[in-house]
Amino acid sequence: MPDAIDLLTTRRSVKPMELNGPGPTAAELATLLTVASRVPDHGKLTPWRFIVFEGEAQLAAGNKIAAVFCADHPGATADQVAFEKRRLARAPLVIAVVSRATPNAKIPEWEQVLSAGAAATSLVFAAHALGFAASWLTEWYAYDRRVLEALGVNPQERIVGFVHIGRPVRPAEERPRPPLDDIVTRYGAS
Ligand SMILES: Cc1cc2nc3c(=O)[nH]c(=O)nc-3n(C[C@H](O)[C@H](O)[C@H](O)COP(=O)(O)O)c2cc1C
């Protein structure tokens, strides 16, 4: 098992189609969710929650996505509809991270949203630490209120991401990262 810094400096997202089973066990899933919920949270508001899509439920949710897709695309081909039905079934496990930030709380909404982003990031890191790979996706259905309602997301909530988790079919290729000189300045340096 790589140490923490090795892990953090080599992590790569892996496309859902390249994530195979077996998915996390029940104990591993509990670990993933425990890590994801252990994030900085100003005011201890818990401004996020998780929805787990596993097994049959992945296809049941996909049917809801496909129904909305078909309503908007009456001429969709059978292949397109089949793809939408499998949106949340491409990887063995999908966890939706939901932001439930409240606008009028003492803590700025922005900070609550950032905490939800941290939860998603921690979830991705935890998956990699357990030997899985992950992909944080939103795609169109994350922004479609008809789909969200069907998935049990309230009107005042927002999707941070659908984190797809599984075992990578091949090692991920590296991609260029921003040079630190481009993104880091030292205050006071001329
Ligand atoms: C909020 C958020 C939403 C994202 N949604 C998508 C998406 O819908 N489709 C996609 O291909 N990548 C999406 N990504 C990007 C991938 O998660 C991933 O970061 C990207 O493929 C780069 O890979 P890396 O994590 O190895 O750098 C999203 C990332 C974030 C932070």
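In this predicted model, Arg-90 and Glu-139 form a salt bridge in which the closest N and O atoms are 2.7 Å apart. Arg-90 lies in the loop between α4 and β3 (93–99), whereas Glu-139 lies in the loop between β4 and α6, so the pair ties together parts that are 49 residues apart in sequence. With a relative accessible area of 12%, Arg-90 is buried, because this value is under 20%, while its partner Glu-139 is partly exposed, with a relative accessible area of 24%. The pair also belongs to a wider arrangement, since salt bridges that share partners join Glu-84, Arg-87, Arg-90 and Glu-139 into one network.

A search of the whole structure finds nine salt bridges, and two further examples involve Arg-146. In one of them, Asp-72 forms a salt bridge with Arg-146, with the closest N and O atoms 2.6 Å apart; this pair links distant parts of the chain, as Asp-72 is in helix α3 and Arg-146 is in helix α6, 74 residues apart. Asp-72, with a relative accessible area of 41%, is partly exposed, and Arg-146 is likewise partly exposed, with a relative accessible area of 40%. In the other, Arg-146 forms a salt bridge with Asp-144, the closest N and O atoms being 2.7 Å apart, and here Asp-144 counts as buried, at 10% relative accessibility.

Helix α3 (residues 56–72) packs with helix α4 (residues 78–85) at an angle of about 135 degrees, and the axes of the two helices are 7 Å apart. The two helices α3 and α4 are therefore oblique to each other. On the side of α3 the contact is made by Gln-58, Leu-59, Gly-62, Asn-63, Ile-65, Ala-66, Phe-69 and Cys-70, and on the side of α4 by Gln-80, Val-81, Glu-84 and Lys-85. Glu-84 thus appears in this helix contact and also in the network of salt bridges described above.

The backbone was examined next. Most residues other than glycine have a negative phi, and most peptide bonds are trans. Against this background, Glu-139 has a positive phi of about 60 degrees although it is not a glycine, and Glu-139 is found in the loop between β4 (133–137) and α6 (145–150). Thr-46 also has a positive phi, near 50 degrees, in a residue other than glycine; Thr-46 is placed in the loop between α2 and β2 (48–54) and is partly exposed, with a relative accessible area of 31%. The peptide bond from Gly-21 to Pro-22 is cis, with omega near -5 degrees, and Pro-22 lies in the loop between β1 (19–20) and α2 (26–36).

Burial and exposure were also considered for two further residues. Glu-157, placed in the loop between α6 and β5 (158–168), counts as buried at 4% relative accessibility. When residues up to four places away in sequence are not counted, Glu-157 touches Arg-49, Val-98, Ser-99, Arg-100, Arg-145 and Gly-152. Leu-8, by contrast, which is in helix α1 (residues 4–10), counts as partly exposed at 43% relative accessibility. Together with Ile-5 and Phe-125, Leu-8 makes a nonpolar surface patch of about 280 Å².

Technical notes: Residues are numbered from 1 along each chain as its sequence is written. This is a predicted model: local features need pLDDT of at least 70, side-chain atom pairs count only at pLDDT 80 or more; totals for chains, interfaces and linings use all residues. Side-chain values use heavy atoms; hydrogens and water are left out. Patches are made of residues with over 30% relative accessible area and no salt bridge: like charges are joined within 9 Å, nonpolar side chains (Val, Leu, Ile, Met, Phe, Trp, Tyr) within 5 Å. Accessible areas come from the Shrake-Rupley method with a 1.4 Å probe; for residues, only the protein chains shown count as cover. A salt bridge is a side-chain nitrogen of Lys or Arg within 4 Å of a carboxyl oxygen of Asp or Glu. Helices (H or I, at least four residues) and strands (E, at least two) are DSSP runs, numbered from the N terminus. Buried means under 20% relative accessible area, exposed over 50%, partly exposed in between (1.4 Å probe, protein chains only). Axes are lines fitted to C-alpha atoms, for helices over the stretch in contact, and angles run from 0 to 180 degrees between N-to-C directions. Angles under 35 degrees count as roughly parallel, over 145 as roughly antiparallel, 65 to 115 as roughly perpendicular and the rest as oblique. Contact means heavy atoms within 4.5 Å.
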